[in-house]
Amino acid sequence: MTSTPPAHVAPVRAEIATLWRLSWPMLVGQLATVGMGVADVAMTGHVSAEELAAVSLGTSIWSIVLVTVMGTMMAINTVVAHEIGAARYDQIPHSVRQSMWKGLLVGLVAMLFANLCTLLFDHVGLDQHVADRAALFLHVISAGMPAFACYRALYGYTTSINQTKPIMWIAIFGLLFNVLSNWLLVYGNWGFPRLGAVGCAVSTAVGMWLMLGAMVFWVKVSPAYRMTYPFTGWEGPDWKEIGAMLRLGLPIGVTYFAEVSAFALISLLVARFGVVAVSAHQVALNFASLVFMVPLSFSIGMMTRVGQAMGEGDPVRARFVGWVGVGMAVAFGALSALFIAIFRWEIAAIYTSDPAVQAACAHLLLLAALFQLSDATQVATASAIRGYQVTRAPMIIQLLAFWGVSLPLGCILGLAPGWFPWTPAAPMSTTGFWIGLVVALTIAAMLLTWSFEKLARQRIRDGAAPRGGKHMAAHV
(Lines give C-alpha, C1' and ligand atoms only; values in the text may rest on other atoms or scores of the structure.)
Protein backbone atom coordinates (compact mmCIF):
# COMPACT_ATOMS: atom_id res chain seq x y z
CA MET A 1 0.00 0.00 0.00
CA THR A 2 1.38 3.43 -0.92
CA SER A 3 0.80 6.30 1.46
CA THR A 4 -0.57 9.58 0.19
CA PRO A 5 1.59 12.57 1.10
CA PRO A 6 0.00 15.31 3.21
CA ALA A 7 -1.95 17.88 1.22
CA HIS A 8 0.53 20.66 1.95
CA VAL A 9 3.46 18.62 0.58
CA ALA A 10 2.14 18.26 -2.97
CA PRO A 11 2.33 21.99 -3.85
CA VAL A 12 5.87 22.15 -2.51
CA ARG A 13 6.92 19.17 -4.63
CA ALA A 14 5.24 20.67 -7.69
CA GLU A 15 6.98 24.01 -7.18
CA ILE A 16 10.36 22.32 -6.65
CA ALA A 17 9.88 20.39 -9.90
CA THR A 18 8.86 23.54 -11.77
CA LEU A 19 11.77 25.56 -10.43
CA TRP A 20 14.21 22.77 -11.24
CA ARG A 21 12.97 22.53 -14.84
CA LEU A 22 13.39 26.29 -15.17
CA SER A 23 16.79 26.49 -13.47
CA TRP A 24 18.88 23.52 -14.59
CA PRO A 25 19.46 24.78 -18.15
CA MET A 26 20.59 28.11 -16.67
CA LEU A 27 22.99 26.23 -14.39
CA VAL A 28 24.56 24.45 -17.37
CA GLY A 29 24.75 27.79 -19.18
CA GLN A 30 26.39 29.49 -16.19
CA LEU A 31 28.97 26.71 -15.91
CA ALA A 32 29.71 26.97 -19.63
CA THR A 33 30.18 30.73 -19.26
CA VAL A 34 32.56 30.22 -16.33
CA GLY A 35 34.36 27.65 -18.46
CA MET A 36 35.25 30.34 -21.01
CA GLY A 37 37.29 32.19 -18.42
CA VAL A 38 38.91 28.97 -17.26
CA ALA A 39 39.84 28.14 -20.86
CA ASP A 40 41.39 31.58 -21.36
CA VAL A 41 43.64 31.26 -18.31
CA ALA A 42 44.52 27.59 -18.83
CA MET A 43 45.38 27.93 -22.53
CA THR A 44 47.34 31.18 -22.15
CA GLY A 45 49.34 29.65 -19.30
CA HIS A 46 51.00 27.38 -21.85
CA VAL A 47 52.32 30.33 -23.87
CA SER A 48 54.37 32.22 -21.29
CA ALA A 49 54.20 33.62 -17.77
CA GLU A 50 53.97 37.16 -19.19
CA GLU A 51 50.97 36.31 -21.38
CA LEU A 52 49.27 34.56 -18.46
CA ALA A 53 49.87 37.60 -16.27
CA ALA A 54 48.40 39.87 -18.95
CA VAL A 55 45.23 37.75 -19.22
CA SER A 56 44.91 37.50 -15.43
CA LEU A 57 45.29 41.24 -14.97
CA GLY A 58 42.97 42.13 -17.83
CA THR A 59 40.40 39.60 -16.67
CA SER A 60 40.42 41.03 -13.14
CA ILE A 61 39.07 44.32 -14.57
CA TRP A 62 36.94 42.71 -17.25
CA SER A 63 35.12 40.41 -14.82
CA ILE A 64 34.10 43.35 -12.63
CA VAL A 65 32.70 45.25 -15.63
CA LEU A 66 31.01 42.12 -17.01
CA VAL A 67 29.24 41.22 -13.77
CA THR A 68 28.14 44.83 -13.20
CA VAL A 69 26.57 44.93 -16.66
CA MET A 70 24.94 41.56 -16.04
CA GLY A 71 23.27 42.87 -12.89
CA THR A 72 22.22 46.16 -14.50
CA MET A 73 20.50 44.29 -17.34
CA MET A 74 18.49 42.06 -14.97
CA ALA A 75 15.63 44.58 -14.81
CA ILE A 76 14.08 42.99 -17.89
CA ASN A 77 13.75 39.65 -16.05
CA THR A 78 11.27 40.93 -13.52
CA VAL A 79 9.55 43.36 -15.92
CA VAL A 80 8.67 40.59 -18.40
CA ALA A 81 7.81 38.17 -15.59
CA HIS A 82 5.26 40.63 -14.20
CA GLU A 83 3.79 41.20 -17.67
CA ILE A 84 3.53 37.43 -18.25
CA GLY A 85 1.77 37.00 -14.91
CA ALA A 86 -0.64 39.82 -15.71
CA ALA A 87 -1.27 38.41 -19.23
CA ARG A 88 -0.17 41.72 -20.77
CA TYR A 89 1.52 39.92 -23.66
CA ASP A 90 1.11 42.91 -25.96
CA GLN A 91 3.38 44.99 -23.69
CA ILE A 92 6.29 42.54 -23.76
CA PRO A 93 7.64 43.34 -27.27
CA HIS A 94 7.92 47.04 -26.36
CA SER A 95 9.70 46.21 -23.07
CA VAL A 96 12.17 43.91 -24.84
CA ARG A 97 12.93 46.43 -27.58
CA GLN A 98 13.57 49.15 -24.99
CA SER A 99 15.75 46.76 -23.01
CA MET A 100 17.82 46.22 -26.17
CA TRP A 101 18.28 49.99 -26.48
CA LYS A 102 19.23 50.07 -22.82
CA GLY A 103 21.70 47.23 -23.46
CA LEU A 104 23.35 49.17 -26.26
CA LEU A 105 23.69 52.22 -24.00
CA VAL A 106 24.98 50.25 -21.02
CA GLY A 107 27.35 48.25 -23.24
CA LEU A 108 28.91 51.37 -24.77
CA VAL A 109 29.38 52.97 -21.33
CA ALA A 110 30.94 49.76 -20.00
CA MET A 111 33.20 49.57 -23.07
CA LEU A 112 34.43 53.11 -22.41
CA PHE A 113 34.96 52.38 -18.71
CA ALA A 114 36.96 49.22 -19.43
CA ASN A 115 39.23 51.15 -21.78
CA LEU A 116 39.75 53.92 -19.23
CA CYS A 117 40.76 51.32 -16.65
CA THR A 118 43.82 50.48 -18.75
CA LEU A 119 45.33 53.78 -17.56
CA LEU A 120 45.72 52.17 -14.13
CA PHE A 121 48.19 49.61 -15.45
CA ASP A 122 50.92 52.24 -15.79
CA HIS A 123 50.72 53.10 -12.08
CA VAL A 124 50.74 49.77 -10.25
CA GLY A 125 54.38 48.84 -10.65
CA LEU A 126 53.94 46.26 -13.42
CA ASP A 127 56.54 45.24 -15.95
CA GLN A 128 55.86 47.53 -18.91
CA HIS A 129 55.49 44.67 -21.38
CA VAL A 130 52.88 42.96 -19.19
CA ALA A 131 51.06 46.27 -18.66
CA ASP A 132 50.95 46.92 -22.41
CA ARG A 133 49.68 43.41 -23.17
CA ALA A 134 47.01 43.64 -20.46
CA ALA A 135 45.89 47.02 -21.82
CA LEU A 136 45.68 45.66 -25.36
CA PHE A 137 43.72 42.67 -24.02
CA LEU A 138 41.12 45.04 -22.50
CA HIS A 139 40.97 47.27 -25.57
CA VAL A 140 40.14 44.29 -27.77
CA ILE A 141 37.81 42.35 -25.48
CA SER A 142 35.77 45.47 -24.65
CA ALA A 143 34.50 45.49 -28.25
CA GLY A 144 32.23 42.62 -27.27
CA MET A 145 30.55 44.46 -24.40
CA PRO A 146 27.65 46.06 -26.36
CA ALA A 147 26.81 42.60 -27.73
CA PHE A 148 26.95 41.08 -24.26
CA ALA A 149 24.61 43.71 -22.79
CA CYS A 150 22.07 43.23 -25.60
CA TYR A 151 22.41 39.45 -25.22
CA ARG A 152 21.56 39.79 -21.52
CA ALA A 153 18.42 41.71 -22.48
CA LEU A 154 17.26 38.74 -24.58
CA TYR A 155 18.54 36.36 -21.87
CA GLY A 156 16.22 37.99 -19.33
CA TYR A 157 13.32 37.99 -21.78
CA THR A 158 13.62 34.31 -22.68
CA THR A 159 14.12 33.29 -19.05
CA SER A 160 11.00 35.17 -17.97
CA ILE A 161 8.79 33.37 -20.48
CA ASN A 162 10.14 30.04 -19.14
CA GLN A 163 12.38 29.33 -22.15
CA THR A 164 15.75 28.54 -20.54
CA LYS A 165 17.11 25.74 -22.76
CA PRO A 166 18.16 28.21 -25.51
CA ILE A 167 20.42 29.87 -22.94
CA MET A 168 22.07 26.54 -22.19
CA TRP A 169 22.71 25.59 -25.82
CA ILE A 170 23.98 29.04 -26.78
CA ALA A 171 26.34 29.09 -23.79
CA ILE A 172 27.68 25.66 -24.75
CA PHE A 173 28.15 26.91 -28.31
CA GLY A 174 29.99 29.94 -26.92
CA LEU A 175 32.30 27.73 -24.85
CA LEU A 176 33.13 25.46 -27.81
CA PHE A 177 33.79 28.46 -30.05
CA ASN A 178 35.97 30.02 -27.34
CA VAL A 179 38.12 26.91 -26.95
CA LEU A 180 38.52 26.39 -30.69
CA SER A 181 39.29 30.03 -31.49
CA ASN A 182 41.72 30.20 -28.56
CA TRP A 183 43.51 27.17 -29.97
CA LEU A 184 43.78 28.93 -33.32
CA LEU A 185 44.64 32.45 -32.17
CA VAL A 186 46.52 31.95 -28.90
CA TYR A 187 48.88 29.32 -30.35
CA GLY A 188 48.77 30.29 -34.03
CA ASN A 189 47.56 26.91 -35.33
CA TRP A 190 46.41 26.27 -38.93
CA GLY A 191 48.23 29.35 -40.19
CA PHE A 192 46.44 31.82 -37.91
CA PRO A 193 48.57 34.53 -36.24
CA ARG A 194 50.00 33.63 -32.83
CA LEU A 195 48.42 36.37 -30.67
CA GLY A 196 48.82 34.98 -27.14
CA ALA A 197 46.72 36.90 -24.61
CA VAL A 198 45.22 39.10 -27.33
CA GLY A 199 43.97 35.94 -29.05
CA CYS A 200 41.81 35.24 -25.97
CA ALA A 201 40.40 38.75 -26.19
CA VAL A 202 39.57 38.38 -29.88
CA SER A 203 37.91 35.01 -29.25
CA THR A 204 35.76 36.34 -26.41
CA ALA A 205 34.72 39.54 -28.20
CA VAL A 206 33.77 37.71 -31.40
CA GLY A 207 32.07 35.00 -29.36
CA MET A 208 29.83 37.57 -27.66
CA TRP A 209 28.63 38.91 -30.98
CA LEU A 210 28.00 35.36 -32.23
CA MET A 211 26.03 34.51 -29.06
CA LEU A 212 23.89 37.62 -29.57
CA GLY A 213 23.30 36.61 -33.18
CA ALA A 214 22.41 33.06 -32.12
CA MET A 215 19.92 34.35 -29.57
CA VAL A 216 18.27 36.68 -32.09
CA PHE A 217 18.04 33.80 -34.56
CA TRP A 218 16.51 31.49 -31.93
CA VAL A 219 13.90 34.09 -30.98
CA LYS A 220 13.11 34.56 -34.67
CA VAL A 221 12.58 30.90 -35.58
CA SER A 222 11.21 29.29 -32.39
CA PRO A 223 7.40 29.05 -32.08
CA ALA A 224 7.72 29.66 -28.31
CA TYR A 225 8.26 33.38 -28.98
CA ARG A 226 5.39 33.97 -31.41
CA MET A 227 2.99 35.50 -28.89
CA THR A 228 5.57 37.98 -27.58
CA TYR A 229 7.86 38.34 -30.63
CA PRO A 230 9.78 41.61 -30.15
CA PHE A 231 11.25 42.18 -33.63
CA THR A 232 8.10 43.07 -35.56
CA GLY A 233 9.33 46.51 -36.61
CA TRP A 234 11.53 49.49 -35.90
CA GLU A 235 11.09 51.32 -32.64
CA GLY A 236 13.29 54.14 -31.38
CA PRO A 237 14.43 54.55 -27.79
CA ASP A 238 11.79 55.50 -25.20
CA TRP A 239 13.94 57.35 -22.69
CA LYS A 240 11.27 57.31 -20.01
CA GLU A 241 11.03 53.52 -20.21
CA ILE A 242 14.81 53.12 -20.40
CA GLY A 243 15.21 55.40 -17.39
CA ALA A 244 12.72 53.34 -15.41
CA MET A 245 14.60 50.15 -16.31
CA LEU A 246 17.87 51.75 -15.29
CA ARG A 247 16.40 52.76 -11.92
CA LEU A 248 15.36 49.16 -11.46
CA GLY A 249 18.55 47.55 -12.77
CA LEU A 250 21.33 49.85 -11.55
CA PRO A 251 20.96 48.85 -7.87
CA ILE A 252 21.43 45.21 -8.93
CA GLY A 253 24.50 46.21 -10.94
CA VAL A 254 25.90 48.15 -7.98
CA THR A 255 25.30 45.12 -5.75
CA TYR A 256 27.16 42.82 -8.13
CA PHE A 257 29.95 45.38 -8.45
CA ALA A 258 30.30 45.63 -4.66
CA GLU A 259 30.64 41.87 -4.28
CA VAL A 260 33.07 41.23 -7.13
CA SER A 261 35.20 44.30 -6.41
CA ALA A 262 35.42 43.32 -2.74
CA PHE A 263 36.82 39.91 -3.69
CA ALA A 264 39.21 41.56 -6.16
CA LEU A 265 40.44 43.96 -3.47
CA ILE A 266 41.01 41.09 -1.06
CA SER A 267 43.19 39.45 -3.71
CA LEU A 268 45.31 42.60 -3.86
CA LEU A 269 45.51 43.00 -0.08
CA VAL A 270 46.72 39.43 0.54
CA ALA A 271 49.42 39.75 -2.13
CA ARG A 272 51.82 41.11 0.53
CA PHE A 273 51.79 37.72 2.28
CA GLY A 274 53.44 35.94 -0.64
CA VAL A 275 52.74 33.47 -3.40
CA VAL A 276 51.35 30.73 -1.16
CA ALA A 277 48.73 33.02 0.37
CA VAL A 278 47.67 34.46 -2.97
CA SER A 279 47.52 31.04 -4.66
CA ALA A 280 45.51 29.48 -1.84
CA HIS A 281 43.08 32.41 -1.87
CA GLN A 282 42.57 32.20 -5.63
CA VAL A 283 42.04 28.42 -5.60
CA ALA A 284 39.56 28.50 -2.71
CA LEU A 285 37.74 31.46 -4.26
CA ASN A 286 37.58 29.74 -7.67
CA PHE A 287 36.01 26.61 -6.23
CA ALA A 288 33.59 28.57 -4.03
CA SER A 289 32.55 30.61 -7.07
CA LEU A 290 31.96 27.44 -9.07
CA VAL A 291 29.72 25.98 -6.34
CA PHE A 292 27.89 29.31 -6.07
CA MET A 293 26.56 28.86 -9.63
CA VAL A 294 23.95 26.38 -8.33
CA PRO A 295 22.11 28.62 -5.83
CA LEU A 296 22.56 31.53 -8.25
CA SER A 297 20.73 29.60 -10.98
CA PHE A 298 17.95 28.63 -8.57
CA SER A 299 17.68 32.27 -7.59
CA ILE A 300 17.30 33.60 -11.14
CA GLY A 301 14.60 31.03 -11.83
CA MET A 302 12.87 31.86 -8.56
CA MET A 303 12.93 35.59 -9.35
CA THR A 304 11.00 34.78 -12.52
CA ARG A 305 8.47 32.68 -10.58
CA VAL A 306 7.94 35.41 -7.96
CA GLY A 307 7.59 38.06 -10.66
CA GLN A 308 5.00 36.01 -12.53
CA ALA A 309 2.98 35.47 -9.36
CA MET A 310 3.04 39.16 -8.54
CA GLY A 311 2.04 40.00 -12.11
CA GLU A 312 -0.99 37.76 -11.61
CA GLY A 313 -1.87 39.76 -8.50
CA ASP A 314 -1.26 36.74 -6.23
CA PRO A 315 1.10 37.84 -3.43
CA VAL A 316 0.30 34.72 -1.39
CA ARG A 317 1.66 32.48 -4.15
CA ALA A 318 4.61 34.85 -4.63
CA ARG A 319 5.59 34.37 -0.98
CA PHE A 320 5.13 30.60 -1.31
CA VAL A 321 7.27 30.19 -4.44
CA GLY A 322 9.87 32.53 -2.94
CA TRP A 323 10.28 30.44 0.18
CA VAL A 324 10.38 27.21 -1.82
CA GLY A 325 13.20 28.70 -3.91
CA VAL A 326 15.05 29.86 -0.80
CA GLY A 327 14.61 26.38 0.69
CA MET A 328 16.12 24.74 -2.40
CA ALA A 329 19.11 27.09 -2.31
CA VAL A 330 19.65 26.52 1.42
CA ALA A 331 19.36 22.74 1.02
CA PHE A 332 22.07 22.82 -1.63
CA GLY A 333 24.12 25.12 0.61
CA ALA A 334 24.00 22.51 3.38
CA LEU A 335 25.08 19.74 1.01
CA SER A 336 27.90 21.81 -0.48
CA ALA A 337 29.11 22.79 3.00
CA LEU A 338 29.32 19.12 3.98
CA PHE A 339 31.04 18.18 0.71
CA ILE A 340 33.64 20.96 0.95
CA ALA A 341 34.39 20.23 4.62
CA ILE A 342 34.93 16.51 3.98
CA PHE A 343 36.82 16.73 0.68
CA ARG A 344 38.72 20.01 1.12
CA TRP A 345 42.13 18.33 0.85
CA GLU A 346 41.13 16.45 -2.30
CA ILE A 347 39.76 19.68 -3.82
CA ALA A 348 43.02 21.48 -3.08
CA ALA A 349 45.01 18.64 -4.65
CA ILE A 350 43.05 18.96 -7.90
CA TYR A 351 44.22 22.56 -8.27
CA THR A 352 47.84 22.32 -7.09
CA SER A 353 50.55 19.82 -6.21
CA ASP A 354 52.40 22.26 -3.92
CA PRO A 355 52.06 20.96 -0.31
CA ALA A 356 52.18 24.45 1.23
CA VAL A 357 49.47 25.79 -1.09
CA GLN A 358 47.39 22.66 -0.51
CA ALA A 359 47.51 23.13 3.27
CA ALA A 360 46.62 26.83 3.09
CA CYS A 361 43.87 26.15 0.58
CA ALA A 362 42.34 23.34 2.65
CA HIS A 363 42.18 25.72 5.62
CA LEU A 364 40.39 28.39 3.56
CA LEU A 365 38.00 25.81 2.10
CA LEU A 366 36.92 24.97 5.64
CA LEU A 367 35.92 28.61 6.04
CA ALA A 368 34.21 28.42 2.63
CA ALA A 369 32.18 25.49 3.96
CA LEU A 370 31.10 27.68 6.88
CA PHE A 371 29.59 30.37 4.64
CA GLN A 372 27.81 28.04 2.18
CA LEU A 373 24.49 28.29 4.02
CA SER A 374 24.60 32.05 4.43
CA ASP A 375 25.83 32.60 0.86
CA ALA A 376 23.01 30.50 -0.59
CA THR A 377 20.49 32.23 1.67
CA GLN A 378 21.56 35.76 0.80
CA VAL A 379 21.56 35.24 -2.98
CA ALA A 380 18.16 33.50 -2.88
CA THR A 381 16.41 36.02 -0.64
CA ALA A 382 17.88 38.94 -2.59
CA SER A 383 16.49 37.47 -5.82
CA ALA A 384 13.10 36.85 -4.21
CA ILE A 385 12.96 40.52 -3.20
CA ARG A 386 13.89 41.59 -6.73
CA GLY A 387 11.01 39.48 -8.01
CA TYR A 388 8.78 42.08 -6.35
CA GLN A 389 10.58 44.79 -8.37
CA VAL A 390 12.33 46.02 -5.23
CA THR A 391 16.07 46.38 -5.79
CA ARG A 392 17.37 49.12 -3.50
CA ALA A 393 16.97 47.21 -0.23
CA PRO A 394 19.16 44.27 -1.35
CA MET A 395 21.70 46.76 -2.67
CA ILE A 396 21.96 48.60 0.65
CA ILE A 397 22.19 45.39 2.67
CA GLN A 398 24.83 43.81 0.45
CA LEU A 399 26.87 47.01 0.25
CA LEU A 400 26.80 47.11 4.05
CA ALA A 401 27.84 43.46 4.23
CA PHE A 402 30.74 43.53 1.76
CA TRP A 403 32.09 47.07 2.15
CA GLY A 404 30.89 47.93 5.65
CA VAL A 405 31.69 44.63 7.37
CA SER A 406 33.72 42.17 5.28
CA LEU A 407 36.53 44.45 4.11
CA PRO A 408 37.02 46.46 7.35
CA LEU A 409 36.88 43.33 9.52
CA GLY A 410 39.13 41.49 7.10
CA CYS A 411 41.69 44.29 7.21
CA ILE A 412 41.64 44.35 11.01
CA LEU A 413 42.10 40.59 11.34
CA GLY A 414 44.20 39.97 8.24
CA LEU A 415 46.56 42.95 8.42
CA ALA A 416 46.46 43.76 12.16
CA PRO A 417 47.18 47.49 11.65
CA GLY A 418 49.08 48.98 14.56
CA TRP A 419 46.93 52.12 14.68
CA PHE A 420 43.73 50.16 15.41
CA PRO A 421 43.16 49.47 19.13
CA TRP A 422 41.61 45.98 18.75
CA THR A 423 43.69 43.75 16.54
CA PRO A 424 45.09 40.21 16.84
CA ALA A 425 48.62 39.81 18.12
CA ALA A 426 49.81 38.97 14.61
CA PRO A 427 48.24 39.41 11.17
CA MET A 428 45.99 36.48 10.28
CA SER A 429 46.66 36.91 6.54
CA THR A 430 44.03 35.40 4.24
CA THR A 431 42.31 33.68 7.17
CA GLY A 432 41.36 37.08 8.59
CA PHE A 433 39.80 38.20 5.33
CA TRP A 434 37.83 34.96 4.98
CA ILE A 435 36.54 35.28 8.54
CA GLY A 436 35.33 38.72 7.48
CA LEU A 437 33.49 37.08 4.56
CA VAL A 438 31.84 34.53 6.86
CA VAL A 439 30.60 37.25 9.22
CA ALA A 440 29.44 39.56 6.42
CA LEU A 441 27.55 36.87 4.51
CA THR A 442 25.84 35.77 7.73
CA ILE A 443 24.70 39.33 8.43
CA ALA A 444 23.49 39.74 4.83
CA ALA A 445 21.58 36.44 4.98
CA MET A 446 19.79 37.42 8.19
CA LEU A 447 18.89 40.93 7.04
CA LEU A 448 17.72 39.81 3.58
CA THR A 449 15.64 36.98 5.06
CA TRP A 450 13.93 39.45 7.38
CA SER A 451 13.44 41.93 4.52
CA PHE A 452 11.93 39.27 2.23
CA GLU A 453 9.43 38.08 4.81
CA LYS A 454 8.50 41.65 5.76
CA LEU A 455 8.00 42.62 2.10
CA ALA A 456 6.01 39.46 1.31
CA ARG A 457 3.66 40.01 4.24
CA GLN A 458 3.26 43.67 3.33
CA ARG A 459 2.27 42.78 -0.23
CA ILE A 460 -0.25 40.25 1.08
CA ARG A 461 -1.76 42.89 3.35
CA ASP A 462 -1.89 45.37 0.49
CA GLY A 463 -3.70 42.77 -1.59
CA ALA A 464 -2.23 44.09 -4.84
CA ALA A 465 0.98 43.47 -6.74
CA PRO A 466 3.24 46.15 -8.20
CA ARG A 467 3.02 46.03 -11.97
CA GLY A 468 5.75 46.13 -14.63
CA GLY A 469 6.37 48.51 -17.50
CA LYS A 470 5.46 52.12 -16.87
CA HIS A 471 4.59 51.51 -13.21
CA MET A 472 7.83 49.88 -12.14
CA ALA A 473 9.73 53.04 -11.24
CA ALA A 474 7.56 53.51 -8.17
CA HIS A 475 8.65 50.20 -6.70
CA VAL A 476 12.43 50.23 -6.99
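These exercises, each with a worked solution, walk through a predicted model of one protein chain.

**Exercise 1. The overall build**

Describe the secondary structure of the chain, and find why the chain counts as compact as a globular protein of its length.

Solution.
- Start with the secondary structure. The chain has 16 helices and zero strands.
- Turn to the radius of gyration. Its value is 23 Å.
- Set that beside the globule rule. For 476 residues the rule gives 23 Å, and the two values are close, so the chain is as compact as a globular protein of that length.
- Add the extents. The C-alpha trace spans about 60 × 55 × 55 Å along its principal axes.

**Exercise 2. Inside, outside and charge**

State what share of the residues is buried, then describe the contacts, the surface and the charges.

Solution.
- Take burial. Of the 476 residues, 54% are buried.
- Take contacts. Consider those with a separation of 6 or more: 80% of them join residues 24 or more positions apart.
- Take the surface. The accessible area is about 19800 Å². Carbon and sulfur atoms hold 71% of that area.
- Take the charges. The chain carries 26 positive and 20 negative charges. The mean positions of the two sets lie 11 Å apart.

**Exercise 3. A salt bridge across the sequence**

Examine the pair E15 and R305: give the gap between their closest N and O atoms, place both residues, and decide whether each is buried or exposed.

Solution.
- Recall the principle. Side chains of opposite charge can pair when their charged atoms come close.
- Check the gap. The closest N and O atoms of E15 and R305 are 2.7 Å apart, and the two form a salt bridge.
- Place the partners. E15 sits in helix α1 (residues 9-44), while R305 belongs to helix α10 (residues 275-311).
- Draw the conclusion. The partners are 290 residues apart in sequence, so their pairing ties together distant parts of it.
- Test E15. Its relative accessible area is 6%; buried means under 20%, so E15 is buried.
- Test R305. At 13% relative accessibility, R305 is buried as well.
- Note the total. The structure holds five salt bridges, this one among them.

**Exercise 4. A network of three**

Work out which residues are joined with E453 into one network by salt bridges that share partners.

Solution.
- Find one partner. E453 meets R319 in a salt bridge of 2.8 Å, N to O.
- Place this pair. E453 is in helix α16 and R319 in helix α11 (residues 315-342), 134 residues apart, and the pair links distant parts of the chain.
- Find another partner. E453 also meets R457, at 2.4 Å, N to O.
- Place that pair. E453 and R457 are four residues apart in helix α16, so about one helical turn separates them.
- Combine the bridges. R319, E453 and R457 form one network through shared partners.
- Compare accessibility. E453 is buried at 16%. R319 is partly exposed at 26%. R457 is partly exposed too, at 44%.

**Exercise 5. Two residues and their neighbours**

Place T255 and S451, judge whether each is buried or exposed, and name the residues they touch beyond four places in sequence.

Solution.
- Locate T255. It lies in helix α9 (residues 239-269).
- Judge T255. Its relative accessible area is 2%, so T255 is buried.
- List the neighbours of T255. They are R386, P394, M395 and Q398, leaving out residues up to four places away in sequence.
- Locate S451. It lies in helix α16 (residues 430-462).
- Judge S451. At 14% relative accessibility, S451 is buried.
- List the neighbours of S451. Leaving out residues up to four places away in sequence, S451 touches I385 and I397.
- Add a distance. S451 and I397 are 54 residues apart along the chain, and their C-alpha atoms are 9.6 Å apart.

**Exercise 6. A proline in a helix**

Find the helix that holds P315, its accessibility, its contacts and its C-alpha separation from L212.

Solution.
- Locate P315. It belongs to helix α11.
- Judge it. P315 has 7% relative accessibility and counts as buried.
- List its contacts. P315 touches M310, Y388, R459 and I460, not counting residues up to four places away in sequence.
- Take the separation. The C-alpha atoms of P315 and L212 are 35 Å apart, with their positions 103 residues apart along the chain.

Note on methods:
Residues numbered from 1 in each chain as written. Predicted model: local features only at pLDDT ≥ 70, side-chain atom pairs only at ≥ 80, totals over all residues. Heavy atoms only, no water. Helix = DSSP H or I, 4+ residues; strand = E, 2+ residues; numbered from the N terminus. Rg over C-alpha atoms; globule rule 2.2 N^0.38 Å. Buried < 20%, exposed > 50% of the residue type's maximum accessible area, 1.4 Å probe, protein only. Contact = heavy atoms within 4.5 Å. Areas by Shrake-Rupley, 256 points an atom, 1.4 Å probe, with all protein chains shown as cover. Lys, Arg positive; Asp, Glu negative; His and termini not counted. Charge placed at Lys NZ, Arg CZ, Asp CG, Glu CD. Salt bridge = Lys/Arg side-chain N within 4 Å of Asp/Glu carboxyl O.
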